[in-house]
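Got the viewer open? Here's a short tour: select what each stop names, then look around.

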2 protein chains.
Amino acid sequence: MLVSQLFPQTSKTAPAGAESLNQQLLIRAGFIHQEMAGVYTYLPLGLKVLTKLSQIIREEMDRIGGQEVLMPALHPGENWKKTGRFETFDVLFKFKGASGADVVLGPTHEEIIYPLLTEYVTSYKDLPIALYQIQTKFRNELRAKAGLLRGREFLMKDLYSFHASEQDRDQYYEKVKKSYLKIFAQIGLPVLVTKAAGGTFSDLSDEFQSLTPSGEDTIFVCQSCQRAVNQEVFDEETCQQCGGEFKKEKSIEVGNIFPLKQSYAKAFGLYFTSEKGEKKLVSVGCYGLGISRVMGAIVEVFHDEKGIIWPEKVAPFQVYIVGLDLESKDIWDKAENIYQNLQAEGIEVLFDDRKSVSAGEKFTDADLLGIPYRVVISKKSESNLELKKRGEKTTQLVSLAELKSQLK
Amino acid sequence: MLVSQLFPQTSKTAPAGAESLNQQLLIRAGFIHQEMAGVYTYLPLGLKVLTKLSQIIREEMDRIGGQEVLMPALHPGENWKKTGRFETFDVLFKFKGASGADVVLGPTHEEIIYPLLTEYVTSYKDLPIALYQIQTKFRNELRAKAGLLRGREFLMKDLYSFHASEQDRDQYYEKVKKSYLKIFAQIGLPVLVTKAAGGTFSDLSDEFQSLTPSGEDTIFVCQSCQRAVNQEVFDEETCQQCGGEFKKEKSIEVGNIFPLKQSYAKAFGLYFTSEKGEKKLVSVGCYGLGISRVMGAIVEVFHDEKGIIWPEKVAPFQVYIVGLDLESKDIWDKAENIYQNLQAEGIEVLFDDRKSVSAGEKFTDADLLGIPYRVVISKKSESNLELKKRGEKTTQLVSLAELKSQLK
């Protein structure tokens, strides 16, 4: 992609009211645009990051036997009345449809997937089933000032697994926990599995928390074994696992998995006939991962005073070519040639081809955008390329072949 | 994918209230599930079709210089008041957010993209810009009984193009028109470009209409030159282009493109400074394509009494292997081997591996699902495969190599 063609150009200042760091940087760098508090448009660079995150998650969900579906945002209000959450879920968008019936904008999908399953599950032979979706969710937050960390409209992956026994569900639950750790390792965002309360969903749950001073959550982390416990359920002096000391930390919850209470299965009559002919309730697990929130969390964790520092696997482009002295035809041809050459190898390249912009502005934009590899092509660099990794201070002169081998 | 693992199994009957043919067949075949009138879950097979349609459209939009974005479903009510459509748009979902402000669920995105552009466009040098999204839209329909043809929640591609002159916009408009014809040709759905009224958007527009007796639209098609005119704007006796006779037809509108009225640019103050230093309104085009509606239209156009007949490029799988006599280890191994072999070549295969299901039920399901190539492996077929194309009557005995060459 040519920077001269990319929509939009960067901004020097964040708009008034952008309080959180992820919001300021993502808006200035042209990744997102705020439409109202907690509601954003993903601009081309931002959507590329969301798509890469989604694809990493999708592949891992497929690997653990998840089948992808897409459930709607509009839910019948009556389903939410059956679970009692029509009244108790505090941030529910609810209104009347044209026919006068209550409609809910889904913040989670138990109220859709349980009744759906009752139509297809009758016997133990139909189980287990694991269904997931990557879908837009809604929460009617009164305050939504943390950028992508707490939106009114946000992208989530939610997986639901259905089993003939709690034992089978618990085994799958552990499998999902490992799968989440693989996902965050691939993304490049460090997380701690954290014991937490289950809220309206279950008695206990595991959260995936990413440490950062700007986080809204408070967790206690054992300094010896890294075991983490959310403040909500923290009642230990020292670690029960290893006797170590706890340290209080701020963090962002980027994922949350629950063994669900049986009350949902009861509310919707989700039963099956066991091998012995008994009528039993289906055991269910629910596994959330906030995709747009992960994008915000990455910016909170990985940035410096100049801008964002994207981990390689989720960066919108791998290489940012800063073309200088482009009025020289030789330099232009060289830059253009390297741009084409890298793209032909499947490397994603953003080529700053702007002629009316100073070298300083190009370097500033490269840092703000946070593309992992910056390559300068200029008269000074002669036949070499000046390579610098975002977040590192040293530059090196490399040949095109050396650059390619570093990018592999 | 193994049919024994696929969620869900097919149904013999459509649920009560499923009036339209696309709804009946897609529900029975397990592609969609209705959650409320006009609101559906896309089950694994259905989501595969949506994803393939989206990918064909995305590649074509990228080819004509579109940059993909993702705008929100939640819109500030005040934006809709600026265009007057808060009151005049008759199927608008609107309600109050937690802060008391009016919120709209977007059925289209002029009210988001115009104010967004005002922040980034100042000069003719910033133009042209083409932005598109593949996104979920909402219409508060009183009656929504046509399955995927008229949903309360539906998937659309919408493209918006911004230009420094009407002439430039009109040139791009023609380019989009050609691009749409390429998209529908790839999908395999025949369409007619149809002159139509612009509704609240513009004075005139072009629709892409697919002929089928179940369509809600009425158009007049010249029997000589295939020129089509929507009933709304039809006032000719004979074709003005060739003098031919018109025939009245029923059809489904699957796409609609508009040169937008200047009133939107005025409402949001979307001006730019021209090369001569004049302050001018940006000229805009808007180009919609109903992705979930296309899925419904395909079923209305391509089916027989046994089920759906998917065009190859959008079918959820290319091959349906009917395994018979699977209690024989030889046959099982042969079927399993061919299943793996085809998948290794990148061919998408659904293998009916069910042992407790009769041959008749497997053939019935293969026809209902509408996968383009059905391959029977049984004792009878010996070392060959029995190949039948969905929608054709003849079967042929082929070798694995011959099958592969037909699938290329």
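Begin with the surroundings of H1 in chain B: its buried residues are covered by, among others, strand E1 (32–36), helix H2 (44–63), helix H8 (291–301), strand E17 (303–304) and strand E18 (307–308) of that chain. Keep in mind that this is a predicted model. Now select H1(B) itself, residues 21–28, and show side chains: B:Asn22, B:Gln23, B:Leu25, B:Leu26 and B:Ile27 are the buried ones to pick out. Step past the helix to B:Gly30, where phi is positive, near 80°.

Next, hop over to chain A and select strand E8, residues 153–163; 11 of its 11 residues are buried. Side chains in a regular strand alternate between the two faces of the sheet, so color the two sets separately. On one side of E8(A) you get A:Glu153, A:Leu155, A:Lys157, A:Leu159, A:Ser161 and A:His163, and on the other A:Phe154, A:Met156, A:Asp158, A:Tyr160 and A:Phe162, with both faces covered.

Which strands pair with E8(A)? Add E7(A), residues 129–138, which runs antiparallel to E8(A) and is joined to it by 10 bridges; zoom in on A:Gln133, whose bridge partner is A:Asp158. Then add E16(A), residues 283–290, also antiparallel to E8(A), with eight bridges. Here, A:Tyr160 sits opposite A:Cys286.

Last stop: the contact between the chains, with 38 residues from chain B and 38 from chain A. On the chain B side, elements giving two or more residues include E1, H2 and helix H5 (110–118). Select E2(B) too, since its four residues are the largest share of that side. Color by class and chain B's side shows 24 nonpolar, nine polar and five charged residues.

Conventions:
Residues numbered from 1 in each chain as written. Chains lettered and ligands numbered in written order. Predicted model: local features only at pLDDT ≥ 70, side-chain atom pairs only at ≥ 80, totals over all residues. Buried ≥ 20, exposed ≤ 12 C-beta atoms within 10 Å, placed from the backbone. Contact = placed C-beta atoms within 7 Å. Pairing = 2+ DSSP bridges. Nonpolar A, V, L, I, M, F, W, Y, C, P; charged D, E, K, R; others polar.
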